[in-house]
Amino acid sequence: MFPQFLNFTTAAIAAAVAVPLLLILYFLKLRRQPAYVSSTLLWKKAVQDLQVNSPFQRLRRNLLLLLQLLLLFLLLFALSRPVSNVRATAGDKSVILIDRSASMNANDGETGSRLDDAKDQALALVDTMGRGDVAMVIAFDDTAEILQPFTADAGALRAAIRGIEPTDRFTNLEPAYKLADAQMAFDPDNLRSDLTPIDVFLYSDGNAGDGQELSLQGNLRYTALGKDDSPNLGIVALDARRNFDRPTEVQVFARLANFGPEKSTANVRMSVSTLNSENPAEDNWQTRDIDGNLYVYPASLDGEALQAAIDEEGTPQRDAVEFTLDLTTAATIRLELINNDGDVLSADDQAYVFVPPPRPLNVLVVTDGNYFLEKALAALNIEEPTYIGLAEYAPDGVLDYDVIFFDRFSPQALPASGNFVFLGGTPPEGSELIQATNENGERLFAQEQLVLDWDRDNPMLAGLNMGKLYAAETPMWSVPLDATVLLEGIKGPMLVLHRQGGRTTLVGFDVYESNWPTNVTFPVFLHNAIKFLAVGSDLAVRQSIPPGTNPRLPRSNIDRAGNPDRITVNGPDGDLDKDVPEAGDLVLDPLENVGLYTLEPAVPQFERLAVNLLSASESAIAPSELPPGGVGATVEGGSRLSRLEWWWWLTAAAGLFLIVEWWVYTRKVAA
């Protein structure tokens, strides 16, 4: 292809000045002095000298002048910065990384989506492979997968590239880089005789959440896909909560973000589908009016720039919406962006959230009397707890309770599934979470316990200050590796959470032996613990999950669905069947795509599963100009060609001509 000149004007001005100056040097006359000679035989030579120095005579052939003109031409050509686009070619061994995450579904590519462009360019790269060259194909999102190991079979490479399917997952480059590094060093077939770094071709928009923490052993050649000015408006947050004081009231909050270059006026529509108990998969969407006209400025504006734009245009910033619904049954809430013309990514234009039905929690307390525990539970907005004595407890008679408290009681057996809290007691034999004993089999206790630290990220302790808690005596626990220590004392764990099979167990200490009941954190903790154990780790609405998640269905919920042998998941991925294990929770296969999923048969509180993108990093679709991690070279993505600048080669050639010119000049002077 013909070169393009990035600095043509400057080079042309320099040529207009330098070339005439060089020629003038060869036209200048020599200043002659009169001389007397004894013979006219020298007149002929003098006349020739006058002709040579005459400006009106044609230049004689002069090798020095030719060399100097060529030298000047090369320097001026280099100054103009000529560039040309050349096709990126594969080396003797190459790794092809193709991004298939949610942002690659943006439809601002040359041939369709960004993923389509990535596959086309990777196919073009395979076409440049020579005889004996080998390559491999890795597709990645938040995980990485080898689609084709190293091979010289171009047909197999093309089939692997064409077979890449898009996902709605997030972008994470670290697994892809680690997989590429591992494969570079692995050469069982001796396809390559040396261990020098090889070329890694990355086809992506570069928007990785771990982009600043990456390293790669190979020579990265990054092709940035997508356009800088593509508009995209997305829903980045959606939350729904039942008001536990008024269980039928649901509060919904949503926030939008604008990742395009211009201010956007967004129209938001909300729809509700109540759950049909006879057919949970049936949709009966009803649109409800909300004040959904939002004015969203570009997310790239900082605080000062945003305020300046608002002051200049007079349009207030409004990128969030809140509303309240009265839902007496389970329902699915759908939020949509409408009249969103030009938007290039659809995965973030709608979001769902499933709200379980309002159901008072059933709590059982096995105790011989605990004033502090009774008062704390009475202060909570839950159904009146059931109290039974220690002698009245039987595992078969407590199956209908969401949470069971054992106050200073160690039962001989527990139901096969359920949620249990031990305060001053220990789980029965067979539990992996046991109290430590000495050589004589006597249980060990820690005296004078103070709090060392606590898990501030766990919903049961979030926002609570446990630093002033004191316990005169706490059991010393033998904690399994998969257990979670919620409260760590200076002499050992004080609160431990453990899951084993269908049981979730929370063990603590006798509250009578502590100052905890007199602290405001005690009733708050009980409230959080009951909701955490009965509803799940998310005290809001658990069924809104990111793409690629493996939902876990608790055994207690499966039992309430009739303990089926198989559960079918219906949704955007098609119908997925999953066998139910005989014991323990059921972990579903990953839900790859954004949308609404239903279960058959319906599992209580999991009748519908909402998978949402809700990711500012994926919705921010402007491609990164630099390679992720700042290592490697950027390749022009639009034309499937890479840029080659000639100035270095031209400068090197000029240096060579300078040496030749100096040699010719010294030879002429010596002669």
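# Notebook: rings, charges and two buried polar residues

**Entry 1, aromatic rings.** I started with the rings, and found that Tyr393, Phe406, Phe409, Phe420 and Phe422 are joined into a cluster by ring pairs. A reminder to myself before going on: this is a predicted model. Searching the whole structure, I got 11 aromatic pairs. One of them is Trp516 with Phe525, whose ring centres are 5.0 Å apart and whose planes make an angle of 40 degrees, so I logged the pair as tilted. The label follows because stacked needs planes under 30 degrees apart and edge-to-face needs over 60. I then looked up how accessible the two partners are. Trp516 has a relative accessible area of 2%, so it is buried. Phe525 comes out at 3%, so it is buried as well.

**Entry 2, charges over rings.** Next I asked myself which rings have a charged end sitting over them. Phe150 is one: the charged end of Lys93 sits over its ring, 4.3 Å from the centre. Trp454 is another, with the charged end of Arg456 over its ring at 3.9 Å from the centre.

**Entry 3, salt bridges.** How many salt bridges does the structure hold? My count is 17. I wrote down a few of them in detail.

- Arg100 and Glu145 meet through their side chains, with N to O at 3.2 Å. This pair links distant parts of the chain, 45 residues apart: Arg100 lies in the loop between β3 (93–99) and α4 (114–127), and Glu145 lies in strand β5. Arg100 is at 12% relative accessibility, so it counts as buried. Glu145 is at 37%, so I have it down as partly exposed.
- Glu336 and Arg334 form a salt bridge in which the closest N and O atoms are 3.5 Å apart. Glu336 is buried at 13% relative accessibility. Arg334 is buried too, with a relative accessible area of 16%.
- Arg408 and Asp407 form a salt bridge with their closest N and O atoms 3.3 Å apart. Here Arg408 is partly exposed at 34% relative accessibility, whereas Asp407 is buried with a relative accessible area of 2%.

I also noted a network: salt bridges link Arg100, Asp141 and Glu145. That sent me to Asp141.

**Entry 4, Asp141.** Where is Asp141 found? I located Asp141 in the loop between β4 (134–140) and β5 (144–151). Is Asp141 buried or exposed? Its relative accessible area is 1%, and since buried means under 20%, Asp141 is buried. Looking for polar partners, I found its side chain in a polar contact with the side chain of Thr167, at 3.1 Å. Setting aside residues up to four places away in sequence, I listed what Asp141 touches: Arg100, Ser101, Thr167, Arg169, Phe170, Thr171 and Asn172. Thr167 turns up in this list, and so does Arg100, a member of the salt-bridge network with Asp141.

**Entry 5, strand β21.** I moved on to strand pairing. Which strands pair with β21? Strand β21 (residues 445–454) pairs with strand β22 (residues 470–475) in the antiparallel sense, over five bridges. Among the residue partners there, Phe445 has Pro475 of β22 as its bridge partner. β21 also pairs with strand β24 (residues 484–489), again antiparallel, over three bridges. On that side, I noted Glu488 of β24 as the bridge partner of Asp453.

**Entry 6, His498.** My last lookup was a histidine. His498 belongs to strand β25 (residues 492–500), and at 2% relative accessibility it counts as buried. Which side chains make polar contacts with that of His498? I found two to write down: the side chain of Glu432, at 3.4 Å, and the side chain of Asp482, at 3.3 Å. Leaving aside neighbours within four places in sequence, I have His498 in contact with Glu432, Leu433, Pro480, Asp482, Ala483, Arg503, Thr504 and Thr505. Both polar partners, Glu432 and Asp482, appear in that list.

Notes:
Residues numbered from 1 in each chain as written. Predicted model: local features only at pLDDT ≥ 70, side-chain atom pairs only at ≥ 80, totals over all residues. Heavy atoms only, no water. Helix = DSSP H or I, 4+ residues; strand = E, 2+ residues; numbered from the N terminus. Buried < 20%, exposed > 50% of the residue type's maximum accessible area, 1.4 Å probe, protein only. Polar contact = N/O pair within 3.5 Å; in protein donor to acceptor, adjacent residues only side chain to side chain. Contact = heavy atoms within 4.5 Å. Salt bridge = Lys/Arg side-chain N within 4 Å of Asp/Glu carboxyl O. Phe/Tyr/Trp six-rings, centres within 6.5 Å; stacked < 30°, edge-to-face > 60°. Lys NZ or Arg CZ within 6 Å of the ring centre and 35° of its normal. Pairing = 2+ DSSP bridges.
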